[in-house]
2 protein chains.
Amino acid sequence: MSGHPRITSDAHDASKPASPRRRLLGGLALSALAAPNLKAATLLKPLSVDPWTQSPGAPILEHPYGLPSPRESNVIRRAARAWPMPGAASSLTPLADLHGSITPNGLVYERHHAGVPDIDPDAHRLVIHGLVREPKLFTMDDLLRLPSESRIHFLECSGNTASEWKGPSGLPVQITHGLLSCCEWTGVRLSTLLEAVGGRTVTRDGATPQWLLAEGADAAAMTRSLPLERILERALVVYAQNGERLRPENGYPLRLLVPGFEGNTNVKWLRRLKVVDAPLQTREETSKYTGILPDGRARQFVFEMDAKSVITRPSAGQRLTAQGFYPIVGLAWSGRGAIRKVEVSTDSGATWQTAVLDEPARDRALTRFQAGFVWNGAPTAILSRATDSTGYVQPTREALVAARGLNSNYHYNGIQQWRIEADGSVKNA
Amino acid sequence: MSGHPRITSDAHDASKPASPRRRLLGGLALSALAAPNLKAATLLKPLSVDPWTQSPGAPILEHPYGLPSPRESNVIRRAARAWPMPGAASSLTPLADLHGSITPNGLVYERHHAGVPDIDPDAHRLVIHGLVREPKLFTMDDLLRLPSESRIHFLECSGNTASEWKGPSGLPVQITHGLLSCCEWTGVRLSTLLEAVGGRTVTRDGATPQWLLAEGADAAAMTRSLPLERILERALVVYAQNGERLRPENGYPLRLLVPGFEGNTNVKWLRRLKVVDAPLQTREETSKYTGILPDGRARQFVFEMDAKSVITRPSAGQRLTAQGFYPIVGLAWSGRGAIRKVEVSTDSGATWQTAVLDEPARDRALTRFQAGFVWNGAPTAILSRATDSTGYVQPTREALVAARGLNSNYHYNGIQQWRIEADGSVKNA
């Protein structure tokens, strides 16, 4: 049942049979572990007894709600720049310092249009109206009395990695890719809620209405139009993330969760869902979230985040301290399904090896990958390339620019390259 | 790929074919949603615009490491009692207020023997020695240069639910079952580490050594003997939980993770692993963690936590505010594999329905279950009963006591019953 990541050294062939032991570490890792360049020291003398073993530690319940070690105080969300209006800003997840596929709630990225409202959950209501049989107002208690489900899904801002459209920005992965997080979300299926209001009625033409307007209770009244059929079976109205109630900056007490769709459509502080027969051209449909193509046309209602991957360790700003074996670790995801394959190159794209994925590769969730790399001290570049369950392959920056031009701020998913210099420093160049 | 919890009303039969729509809600839920006793109000007038929508919210980055809403300040770890030595104490996870299968790091239960040490990760070392070819000292950097994996597993203190051995304690689920948490853990496989020290040598008798001593760097030097073959392929030495570095109270910077084994064997602040030919009778093997049977013999080295489940909502201390439909939500887990089935009774054990499990039911992880319940206002009792992938069925308290007697503090896994009174109050009685 559980995942068994393995480092393989077989370029292009993950299907080749191998013993579990061989598959576990592969040639690269075994040789690396035996090599003197693994710093682990041979034990020559008795183990010292450190000061923290010599006297009792801190008592329990100093922190009934726990916090990270003060020694990890650099692992925080950061803004990419100073925002002129701090209520309309974003902060990014420190991907280089994280180690799994779950993002802890304190480090989930933020993007706000009018700050973080302080909502009283007892006073908050969700209304579902429009082309439905029996429009209703739901309290939070009403929602908690409906069947629910928990699922692990990523969220990615459509503007994530926009820094790289015109070429390597020099920035570290927190700033280039950190508008990206992954949590276990718990809430009520959109389809359950539509049943609770008696189902959809019909449009003036007698058809089943196909759109949904979602509105937030923040001061921006953030509002998007969504294609109902495409999201009906997987969208949730959620009240919890990673087990506990939503954090204020992530939509407390209620948000929409549309797995795979660009972050802003997962409307936070959700107060209203209206079933409509056509998209409503709200401010957000045109002031933002469209992409201008080279011929001047705009791509509108581009919802799914396409397959993408990035190496988080080693990544820009880190340094290889010695020659020898390094695991290359990263994240891959797709808004259209599960990750099927990640390939890694450690020679600037000349050859590629198939990375090992943490199992299971979940639907529309961050999937951790690993590959082995023996650094011989020469400058090189490392890259990763994701393929999703639809067969779509993450494009190069050049291919992306050829298709979309350079006027777009959104949906950048090009292959990311990190350069390793002779001194071991890793750069986004 | 993703889970699709459903409420079923079919007693004893989850295998009966049903349309996805019918399986989604089932008869119970559909009738409940249509019934007037769902509080959701019909929308009769325009939606009010709440104060938090009328002015901008808090700016970003007030909290570069985020915290829960102050409105959730009651969702905290709690101790079951005042501990005479606060360094040797425990605190419990607020299961009734949580909603998924992941426990957020700030609420993971604690059990300490000598307080929480403040360990400098740069100075911390892990030594692997004993019957191995090349004993070695590992720095944290060494460990980060080895292949790793991330897996979701529960941790349960062997003393969890000891309050119920002699009958219903009256306590709420946080206190009865809260020495229980579930995280995504990231680290290095024990088998990889043994390879890194050249593998095991042989005992004096020429056999492969079968035991492992694990020692913590806290002032208790918490130490346990573990059966190596049984844990070799699944144990991890972990440095991260839910994506970020371990919390101080959960073993920062390094702990052993033995999926399915009683919590204390997952040695925190891990400093030493010694391969040995027989268990070493450390203080913890006898001063604690054995169970006295009715005939006076002691059960020693009982590692696996047997299959267990508990309803978290509704649970003792909560109240049903009206008649009508309620989802019964709970958690199930087994130290011997995955959860195969959970049955729920809403009539004091007379009849049982098969609950819906959140998919996938992961190996040795908390698995969330749900069942439907229409409360008609009469007093009753609700119970849950788990079956794991080995076929083992969670026993009644009576069966457990018949087998083990009443002298044991550990490994209580009896069926938990909550009584619902005519006034809607829920009691552990």
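Are Arg364(B) and Asp363(B) buried or exposed? In this predicted model, Arg364(B) is buried, and Asp363(B) is buried as well. The legends below take up this pair again after the interface between the chains and the strands that cross it.

**Figure 1. The interface between chain B and chain A, seen through the residues that take part in it.** On the side of chain B, 127 residues are in contact with 127 residues of chain A, and the two chains bury about 10,800 Å² between them, with 58% of that area on carbon and sulfur atoms. Within chain B, the residues that lose the most area to chain A are Trp52(B), Ile60(B) and Arg145(B), which together account for 9% of what that side buries. The size of an interface is often expressed in this way, as the accessible area lost when the parts come together.

**Figure 2. Polar and charged pairs between chain B and chain A.** Between chain B and chain A there are 47 residue pairs in polar contact, both residues being at pLDDT 80 or more, and the count of salt bridges between these two chains is four. In one salt bridge, Asp118(B) is joined to Arg71(A), and the closest N and O atoms of this pair are 3.1 Å apart. Helix α1 of chain B, residues 20-34, supplies the largest share of the side of chain B that touches chain A, namely six residues. Sorted by class, that side of chain B has 60 nonpolar, 34 polar and 33 charged residues.

**Figure 3. An open sheet with strands from chain A and chain B.** Six strands form the sheet in the order β9(A)-β8(A)-β13(A)-β4(A)-β5(A)-β1(B), with mixed pairing. The strands at the edges are β9 (223-227) of chain A and β1 of chain B, each of which has a single partner strand, so one side of each is left without a neighbour in the sheet. Where the chains meet in this sheet, strand β5 of chain A (residues 136-138) and strand β1 of chain B (residues 41-42) run antiparallel and are joined by two bridges. Across this junction, Leu137(A) stands opposite Ala41(B) in β1(B).

**Figure 4. Salt bridges within the chains.** Over all chains, the structure holds 50 salt bridges. Glu233(B) and Arg189(B) form one of them, with the closest N and O atoms 2.8 Å apart. Because Glu233(B) lies in the loop between α6 (228-231) and β10 (236-241) of chain B, whereas Arg189(B) lies in strand β7 (residues 180-189) of chain B, the pair ties together parts that are 44 residues apart in sequence. Glu233(B) is partly exposed, with a relative accessible area of 39%, while Arg189(B) counts as buried at 5% relative accessibility.

A further salt bridge joins Asp306(B) to Arg336(B), the closest N and O atoms being 2.7 Å apart. Asp306(B) is in the loop between β15 (298-299) and β16 (308-313) of chain B and Arg336(B) is in the loop between β17 (324-333) and β18 (339-345) of chain B, so this pair ties together parts that are 30 residues apart in sequence. Asp306(B) is buried, with a relative accessible area of 13%, whereas Arg336(B) is partly exposed, with a relative accessible area of 36%. In the pair named at the outset, the side chains of Arg364(B) and Asp363(B) meet in a salt bridge (2.9 Å, N to O), and both of these residues are buried. In chain A, Glu149(A), Arg151(A), Arg189(A) and Glu233(A) are joined into one network by salt bridges that share partners.

**Figure 5. The surroundings of Arg247(A), which include residues of chain A and of chain B.** Arg247(A) lies in the loop between β11 (244-245) and β12 (255-257) of chain A, and at 3% relative accessibility Arg247(A) counts as buried. When its neighbours within four places in sequence are left aside, Arg247(A) is in contact with Tyr65(A), Asn105(A), Gly106(A), Gln241(A) and Tyr252(A), and also with Gly66(B), Leu67(B) and Pro68(B).

**Figure 6. The surroundings of Val258(B), a buried loop residue.** Val258(B) is found in the loop between β12 (255-257) and β13 (270-276) of chain B, where Val258(B) has a relative accessibility of 1% and counts as buried. Apart from its neighbours within four places in sequence, Val258(B) is in contact with Leu226(B), Ile231(B), Thr265(B) and Asn266(B). Of these, Leu226(B) is 32 residues from Val258(B) along the chain, and the C-alpha atoms of the two residues are separated by 9.4 Å.

Note on methods. Residues are numbered from 1 along each chain as its sequence is written. Chains are lettered from A and ligands numbered from 1 in the order in which they are written. This is a predicted model: local features need pLDDT of at least 70, side-chain atom pairs count only at pLDDT 80 or more; totals for chains, interfaces and linings use all residues. Side-chain values use heavy atoms; hydrogens and water are left out. Contact means heavy atoms within 4.5 Å. Buried area is the accessible area (1.4 Å probe) that two parts lose on being put together, summed over both. A polar contact is a pair of N or O atoms within 3.5 Å; within protein, one must be able to donate a hydrogen and the other to accept it, and residues adjacent in sequence count only if both atoms are side-chain atoms. Helices (H or I, at least four residues) and strands (E, at least two) are DSSP runs, numbered from the N terminus. Ala, Val, Leu, Ile, Met, Phe, Trp, Tyr, Cys and Pro count as nonpolar, Asp, Glu, Lys and Arg as charged, and the others, Gly among them, as polar. Two strands pair if DSSP finds at least two bridges between them. Buried means under 20% relative accessible area, exposed over 50%, partly exposed in between (1.4 Å probe, protein chains only).
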